[in-house]
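Got your viewer open? Load the model below and keep the selection box handy; we'll go stop by stop.

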Amino acid sequence: MAHARLRRGPLNEEHSCDHPDHARRSRSPPRPACCPPTPPPPNPRPSPNRRARRRGGHLDHRGQGRHRHVHHHRLEGLVHPHRRHAQRDLLPQRRHPQLPLLEFVVTDGKSFAQRETESTTRTTALVDQRSLTYRQTATDAAGRWTLTKTYITDPASATVLVDVDFRSHKGTDLRLYVLFDPQLAGDSGNDTGRATRDALTSVDTHLPDRPVAAALVSGTGFTATSTGYAGTSDGLADLAANFTLTARHPKAGPGNIAQVAQLPTGRSGARTTLAIGFAADEQAALTAARAGLHRPFEVTKRWYQLGWHLYTASLKAAPKQLSGDLLDQYWASVMAVKAHEDKTHPGAFSASLTIPWGQAVPADGASGGGTGYHFVWARDLYHQVSALLAAGDTAAARRAVDWLFTRQQRPDGSFPQNSKVDGTPDQTNVQLDETAFPILLAWQTKRFDAAFYRDHVAKAADYLVQAGPRTPQERWEETGGYSPSTLAAQIAALTAAADIADRAGDPDGAALYRATADSWQRQAERWMVTTTGPLGDGEYYIRISGSGNPDDGATRNWANGAGVHPENALVDAGFLELVRLGVKAPDDPAVAGSLPEVDASIKVSTPSGELWKRYTHDGYGETADGAPWTGVGIGRPWPLLSGERGEYELAGGRDALPYLRTMAATANSGRMIPEQVWDQPDPTRHGHVFGKGTGSAAPLAWAMAQYVRLAQGIAAGRPVETPAVVADRYRTGPVATAALTLDGPEDLSTATGRTVRVHGTTDASSVVVAVGR
């Protein structure tokens with residue numbers, strides 16, 4: 001006779017034994033480490049941090065009308081790493097891009113007006129391996145001039161600084177203008193601007209609780225300034241028509257404004273520093289901008305770089321297998337991920353400080369189009385933070401756990417699809433891996449205290465038990481069912497939750513979570529491996545199964561215009577998550593047997609290396625001719641999937657360095673790894689390059705994180721993120737089932753109290769009987 005513990009929740013058709021030797025433990029948590037100290041400034045004055053944002057297309061006066069292509073000068077991410085939370089509300093806020101355009105125009109005043117993006121050779125370079133110091137160079141194709149710009153941020157004020165070095169090569173008296181196009185608060189139609197003798201300022205107050213202002217000043221002053229309306233009275237149109245600034249408008253707005261200023265130049269060119277200040281009102285923005293000019297640019301640059309140098313020195317050494325470009329890419333990736341952490345809400349990591357296909361996005365902020373990936377997805381955050389944890393930044397990982405469970409977790413224990421950096425949900429769809437990953441991160445950061453378990457981890461784990469294993473949406477956010485990648489995250493999370501429950505003194509919870517994970521782990525192939533598929537030998541993991549029967553012949557209309565196809569005709573490589581998260585062994589027959597179908601269906605060979613698309617018939621990407629995605633398109637390869645394949649190969653004891661090289665090869669000249677790369681050798685009018693980034697997000701922080709994690713895995717000889725508590729439990733295959741016969745209570749009987757006595761026979765030492773839906 002066995003006495004069973006009752007706890008609410010499904011066990012999906014099977015019972016699991018709960019032998020004591022199946023329990024695993026981890027080390028106790030160390031006391032949280034403090035962040036490295038901020039280096040003292042040469043002239044200390046407390047002030048918030050800052051970064052400029054990029055935006056989508058433009059609208060005409062009053063926010064109505066056309067689009068125009070925007071050449072985005074990316075200033076986001078140039079963040080001093082230790083100026084995190086000096087005050088409550090830092091500006092500009094990361095949820096909205098603020099400045100899509102900071103561009104220069106060169107004229108001779110009589111015969112031409114040339115934008116720096118026209119008829120020039122342009123380069124972007126990270127000029128310091130251990131800091132996010134970027135330099136952009138534009139050289140006139142006719143050899144008349146060269147413009148070099150170096151970007152940093154002021155650690156002491158909410159200011160972006162740009163060192164401008166303009167050289168005239170033929171002794172010609174050339175003039176230099178700067179175009180400044182604010183689109184504050186993520187909206188182009190509500191800005192009001194002023195042009196004074198020495199400054200350009202703009203303000204947006206259409207969101208009363210979040211006013212924002214920007215100011216542009218120069219270390220050498222301005223010769224002329226103007227503020228007009230985009231497309232009607234803006235300075236660019238004036239320069240294009242007259243080769244000089246003939247109309248000087250002192251103010252414009254509210255509406256879609258465009259600003260211009262002329263910089264003093266001599267026959268040899270000009271050298272100056274521009275400062276872009278941000279604040280909640282015009283005067284404070286001016287103060288911030290002018291404060292950025294109090295010290296020479298080189299002094300502030302050294303201070304800025306010192307902050308990054310101290311941060312990177314506090315981390316693990318870079319893997320010894322890396323050198324040259326691979327080593328440079330490693331540190332760029334670490335710093336880029338770090339820069340995505342919000343400064344007002346520490347622990348919140350935005351998915352990307354970009355707007356994919358921004359040139360085709362309405363600039364009026366309608367339907368959230370002006371915010372792009374400026375949100376926090378728990379899944380993306382997990383990948384970012386697990387990479388920083390692998391690199392040695394445990395403090396960031398702990399901040400992320402605190403933010404996830406105190407800001408983003410909902411009362412029922414689940415997590416929204418994504419949220420703003422303050423935790424307010426944006427999209428509210430349910431993706432069960434996003435409830436699972438915070439549990440795994442809590443285990444990896446050793447949050448084992450009883451109160452945290454009771455108030456947060458147990459709620460999330462209970463939600464998974466009740467809602468899983470079938471997910472309303474999977475990791476590509478498009479459809480629901482039994483998903484290999486989502487199931488892997490759920491099983492791993494419940495196994496980790498069981499370990500935390502044991503440590504927190506909840507053996508009943510631990511038993512339920514383990515039993516549920518064991519049951520789902522045993523059924524993975526039955527739910528998601530087809531034996532009658534049209535690809536390869538017909539036996540492989542499919543992308544997703546709606547019913548849990550992958551051979552039921554079901555079809556569905558796939559997202560992004562992909563069309564109607566049978567479920568078992570689509571594959572992705574998400575089943576590799578089963579190995580990475582320790583749920584299946586690397587040599588698992590179903591996993592290994594699915595690789596040929598995946599490679600035949602979605603692998604692409606490019607000049608950068610072998611890359612994989614998300615899944616068969618994916619429609620999230622440029623159109624056939626390379627134009628921006630319109631809701632319908634063709635999905636292109638994702639570099640992060642090469643990193644995932646590399647982690648799988650590493651788990652199997654094979655060489656993963658080629659996959660790291662491929663990821664690095666996809667990066668742009670600023671070492672930003674993109675979300676997607678172009679997969680065709682033929683040129684397009686959109687300028688895509690075979691094996692390089694498209695108009696998708698660049699960087700995608702998840703991709704940068706994947707590079708870091710794979711690099712650390714190569715150094716360790718194994719995937720560094722695989723939870724030992726999961727891998728140890730399933731190393732030799734599924735946990736054995738228990739034989740169980742119940743003699744009572746009677747079927748369909750009604751409980752008369754909170755406790756029901758269950759009696760029967762079993763060959764296990766103890767059994768969990770789940771009661772629920």
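A salt bridge here is a side-chain nitrogen of Lys or Arg within 4 Å of a carboxyl oxygen of Asp or Glu. By that rule, this predicted model has 43 salt bridges.

**Stop one: Lys338 and Asp393.** Select this pair and you'll find their side chains joined in a salt bridge, 3.3 Å from N to O. The two sit in distant parts of the chain, 55 residues apart: Lys338 belongs to helix H4 (residues 324-339), while Asp393 is in the loop between H5 and helix H6 (394-408). Both Lys338 and Asp393 are buried.

**Stop two: Leu388.** Now pick Leu388, in helix H5 (residues 378-391). Is Leu388 buried or exposed? With a relative accessible area of 1%, Leu388 counts as buried, because the cut-off for buried is under 20%. Show what Leu388 touches beyond four places in sequence and you get Tyr311, Val334, Val337, Phe349 and Ala396, plus both partners from stop one, Lys338 and Asp393. Then add Ala705: its C-alpha atom is 7.6 Å from that of Leu388, though 317 residues separate the two along the chain.

**Stop three: more charged pairs.** Select Arg729 and Asp518, whose side chains meet in a salt bridge at 2.7 Å, N to O. This one ties helix H16 (residues 724-730), home of Arg729, to helix H10 (residues 507-528), home of Asp518, across 211 residues of chain. Arg729 and Asp518 are both buried.

Next, try Glu567 with Arg556: the closest N and O atoms of this salt bridge are 2.7 Å apart. Glu567 lies in the loop between strand S19 (563-566) and helix H11 (576-580), and Arg556 is in strand S18 (residues 555-558), 11 residues away. Glu567 and Arg556 are buried too.

For a bigger selection, grab Glu474, Glu478, Arg543, Arg614 and Asp618, which are linked in a network of salt bridges.

**Last stop: a sheet.** Switch to cartoon view and look for 5 strands in an open sheet, ordered S3-S2-S8-S14-S12, with antiparallel pairing. Which strands stand at the edges? They are S3 (113-115) and S12 (224-229); each has a single partner strand, so one side of each lacks a neighbour in the sheet. On average, neighbouring strands are turned by 25° against each other, direction ignored.

Zoom in on S2 (residues 101-107), which pairs with S3 in the antiparallel sense over 3 bridges. Thr107 stands opposite Ala113 in S3. Finally, select helix H1 (residues 235-242), which packs on the sheet and touches S2, S3, S8 (175-181) and S14 (257-263). The direction of H1 makes about 135° with that of S3.

Notes:
Residues are numbered from 1 along each chain as its sequence is written. This is a predicted model: local features need pLDDT of at least 70, side-chain atom pairs count only at pLDDT 80 or more; totals for chains, interfaces and linings use all residues. Side-chain values use heavy atoms; hydrogens and water are left out. Helices (H or I, at least four residues) and strands (E, at least two) are DSSP runs, numbered from the N terminus. Buried means under 20% relative accessible area, exposed over 50%, partly exposed in between (1.4 Å probe, protein chains only). Contact means heavy atoms within 4.5 Å. Two strands pair if DSSP finds at least two bridges between them. Axes are lines fitted to C-alpha atoms, for helices over the stretch in contact, and angles run from 0 to 180 degrees between N-to-C directions.
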